[in-house]
Amino acid sequence: MALKIIESCVNCFACEPLCPSKAIYEAKPHFLIDAKKCTECVGDFDVPQCASICPIEGAILDALNVPLNPAGSLTGIPPEKMAEAMAELQAH
Ligand code: SF4
Ligand code: SF4
């Protein structure tokens, strides 16, 4: 029972101090979670603290590789509209 951080992590440092199990550590090229230490915050918090603060969609996955913050969950932009939204932003 552990979460994992993948390559889309931008090394923002937000999650590391929040982990009650001290399972998150700085590594190259991005932060990692020690699977032996991660408790998924069970017993400490109702929701995984790392995923609740992480600003990057899809950077933290559960044991089944399901993102805790799936595409669209933080931006409010549905995945199928993302390309369109980015093109619009870049045009300005
Ligand atoms: S789920 Fe909780 S225990 Fe596991 S790495 Fe994230 S903050 Fe730490
Ligand atoms: S909060 Fe997210 S982006 Fe920031 S260091 Fe942790 S996993 Fe990486």
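Q: Which residues does Ile53 contact, leaving aside its neighbours within four places in sequence?
A: In this predicted model, Ile53 is in contact with Ala14, Cys15 and Leu18 once its neighbours within four places in sequence are set aside. Contact here requires heavy atoms within 4.5 Å. Ile53 belongs to helix H1.

Q: Why is Ile53 called partly exposed?
A: The relative accessible area of Ile53 is 37%. Buried residues fall under 20% and exposed residues over 50%, with partly exposed in between. The value for Ile53 therefore places this residue in the partly exposed class.

Q: How far apart in space are the C-alpha atoms of Ile53 and His92?
A: The separation is 29 Å from C-alpha to C-alpha, for two residues that are 39 apart in sequence.

Q: What makes Gln49 buried?
A: Gln49 has a relative accessible area of 15%. The limit for a buried residue is under 20%, so Gln49 qualifies. Gln49 lies in helix H1, which spans residues 49–53. Not counting residues up to four places away in sequence, Gln49 touches Leu18 and Cys41.

Q: Is Ala23 buried or exposed, and how do you know?
A: Ala23 is buried, because its relative accessible area of 2% is under the 20% cut-off. Ala23 is placed in the loop between strand E1 (4–5) and strand E2 (24–25).

Q: Which residues does Ala23 touch, not counting those up to four places away in sequence?
A: Ala23 touches Leu32, Ile33, Asp34, Lys37 and Cys38 under that restriction. In addition, the C-alpha atoms of Ala23 and Ala35 are separated by 7.4 Å, with the two residues twelve apart along the chain.

Q: Why does Lys22 count as exposed?
A: Lys22 has 67% relative accessibility. Exposed means over 50%, and Lys22 therefore counts as exposed. Lys22 lies in the loop between E1 and E2.

Q: What is noted about the phi of Lys22?
A: The phi of Lys22 is near 50°, a positive value in a residue other than glycine.

Q: What makes Glu40 partly exposed?
A: The relative accessible area of Glu40 is 22%. Because 22% is neither under 20% nor over 50%, Glu40 is classed as partly exposed. Glu40 is located in the loop between E3 and H1. Glu40 also has a positive phi, of about 55°, although it is not a glycine.

Q: What makes the peptide bond from Lys28 to Pro29 cis?
A: Its omega is near 0°. Pro29 itself is found in the loop between E2 and strand E3 (32–33).

Q: How do you know where empty space is left?
A: Empty space is revealed by rolling a probe the size of a water molecule over the atoms. In this model, a search of the whole structure finds two cavities of 30 Å³ or more.

Q: How much space lies in the largest cavity, and which residues lie nearest its centre?
A: About 90 Å³ of space lies in the largest cavity. Its lining has 13 residues, of which Cys9, Val10, Cys12, Cys15 and Cys54 lie nearest the centre. By class, this lining comprises twelve nonpolar residues, one polar residue and no charged residues.

Q: How much space lies in the second largest cavity, and which residues are closest to its centre?
A: The second largest cavity holds about 80 Å³ of space. Of its 14 lining residues, Cys19, Cys38, Glu40, Cys41 and Cys50 are the closest to its centre. The lining divides into ten nonpolar, three polar and one charged.

Q: Which cavity is the space taken by ligand 2, and what surrounds this ligand?
A: The space taken by ligand 2 is the largest cavity. The residues around ligand 2 include Ile5, Cys9, Val10, Asn11, Cys12 and Phe13. Ala14, Cys15, Phe31, Cys54, Pro55 and Ile56 are also among the residues around ligand 2. This shell has eleven nonpolar residues, one polar residue and no charged residues. Asn counts as polar by the classification, since it is listed as neither nonpolar nor charged.

Q: Which cavity is the space taken by ligand 1, and which residues are closest to this ligand?
A: Ligand 1 takes the space of the second largest cavity. It is surrounded by 13 residues, the closest being Cys19, Cys38, Glu40, Cys41 and Cys50. The shell around ligand 1 divides into nine nonpolar, three polar and one charged. Glu counts as charged and Cys as nonpolar.

Terms used. Residues numbered from 1 in each chain as written. Chains lettered and ligands numbered in written order. Predicted model: local features only at pLDDT ≥ 70, side-chain atom pairs only at ≥ 80, totals over all residues. Heavy atoms only, no water. Near = heavy atom within 4 Å. 1 Å grid on protein atoms, 1.4 Å probe; cavity = no way out; pocket = protein on both sides within 12 Å on 5 of 7 lines; lining within 4 Å. Sits in = over half its atoms within 2 Å of the grid points. Helix = DSSP H or I, 4+ residues; strand = E, 2+ residues; numbered from the N terminus. Buried < 20%, exposed > 50% of the residue type's maximum accessible area, 1.4 Å probe, protein only. Points joined across faces, edges and corners; volume = space filled by probe spheres on them.
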